[in-house]
Each structure stands twice: as structure tokens, then as C-alpha cells.
Amino acid sequence: PDTIIWAGGEDVDVLVNNHPQWAPLRVLDLSYRGDSPARAYAYRAGAKYFSGVEMFFAQAKDQQKFWSHYEWS
């Protein structure tokens, strides 16, 4: 695949060993951790890495907007 969407806690070595023929161009990381295994996988694969941190903040903003319509008393 050209793009890997990292949505789990998969071990980098397991992924590399099970799919040695993969040569993705980009890794989209849905993890919010700075030490996400997706970063290491992208580096090892020579792929461009996209962090999920911006998505995290966008989700938080939309959740605040959604829940602000409810009265909590």
C-alpha cells in the first residue's frame, strides 16, 4: 500500500516482519502519543510521517461544541 493508517498498538517489528514487501509513501498516525510506534515504522520504511495530534485537537474542539448544547445541572 502507498498509505498506512496507523490505528493500533501494533509492534513495529511484527509489522515489518509480516509485510517486508511493503514500501509505503506515507504513514498517517491516529495515535496521539509522541512516541508512537508509527513514527518509528515510517522512519524505517522511508515514508513521510503525519502525526495524529492535530486530529486530536480538532476532535476535542468539536466535542466541546457538541456538548455545550446540554445543560449540566
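**A walk from Leu30 through the sheet and back**

Start by selecting Leu30: with 35% relative accessibility, Leu30 counts as partly exposed, because partly exposed covers the range between under 20% (buried) and over 50% (exposed). Keep in mind that you're looking at a predicted model. Leu30 sits in the loop between β2 and α2.

**Next stop: the nonpolar patch**

Keep Leu30 selected and add Ile5, Tyr32, Val53, Met55, Phe56 and Phe57. Together these residues form a nonpolar patch on the surface. Switch on a surface view and you'll be looking at about 620 Å² of accessible area for the whole group. Which helix gives the patch its largest share? That's α3, residues 53-67, which supplies four residues.

**Pick out Met55**

Now click on Met55, which lies in helix α3. Is Met55 buried, partly exposed or exposed? Met55 counts as partly exposed, at 33% relative accessibility. Show what's around Met55, skip the neighbours within four places in sequence, and you'll find contacts with Leu30 and Tyr32. For a sense of distance, draw a line from the C-alpha of Met55 to that of Asn17: the two are 29 Å apart in space and 38 residues apart in sequence.

**Back to the loop: Ser31**

Step over to Ser31, in the loop between β2 (26-29) and α2 (37-45). Here the picture changes: Ser31 has a relative accessible area of 18%, so Ser31 is buried. What is Ser31 in contact with, leaving aside neighbours within four places in sequence? Select Trp6, Ser36, Gly52 and Val53 and you have the answer.

**Now the sheet**

Hide the side chains for a moment and go to cartoon. You should see an open sheet of three strands in the order β1-β2-β3, with parallel pairing. β1 (3-6) and β3 (48-50) are the edge strands; each has a single partner strand, so one side of each has no neighbour in the sheet. On average, neighbouring strands here are turned by 15° against each other, ignoring direction.

Zoom in on β1 and β2. These two run parallel and are joined by four bridges. Thr3 stands opposite Arg26 in β2, and the β2 bridge partner of Ile4 is Val27.

Then slide across to β2 and β3, also a parallel pair. This time there are three bridges. Arg26 has Lys48 as its bridge partner in β3, while Val27 has Tyr49. Follow Val27 from side to side and you go from Ile4 in one direction to Tyr49 in the other.

**Last stop: the two faces**

Bring the side chains back. In a regular strand, side chains alternate between the two faces of the sheet. Colour Ile4 and Trp6 on β1: they make up its covered face. Thr3 and Ile5 make up the uncovered one. On β2, Val27 and Asp29 are on the covered face, with Arg26 and Leu28 on the uncovered face.

Two of these residues you've met before: Ile5 belongs to the nonpolar patch, and Trp6 is one of the contacts of Ser31.

Conventions. Residues are numbered from 1 along each chain as its sequence is written. This is a predicted model: local features need pLDDT of at least 70, side-chain atom pairs count only at pLDDT 80 or more; totals for chains, interfaces and linings use all residues. Side-chain values use heavy atoms; hydrogens and water are left out. Buried means under 20% relative accessible area, exposed over 50%, partly exposed in between (1.4 Å probe, protein chains only). Contact means heavy atoms within 4.5 Å. Patches are made of residues with over 30% relative accessible area and no salt bridge: like charges are joined within 9 Å, nonpolar side chains (Val, Leu, Ile, Met, Phe, Trp, Tyr) within 5 Å. Accessible areas come from the Shrake-Rupley method with a 1.4 Å probe; for residues, only the protein chains shown count as cover. A salt bridge is a side-chain nitrogen of Lys or Arg within 4 Å of a carboxyl oxygen of Asp or Glu. Two strands pair if DSSP finds at least two bridges between them. Axes are lines fitted to C-alpha atoms, for helices over the stretch in contact, and angles run from 0 to 180 degrees between N-to-C directions.
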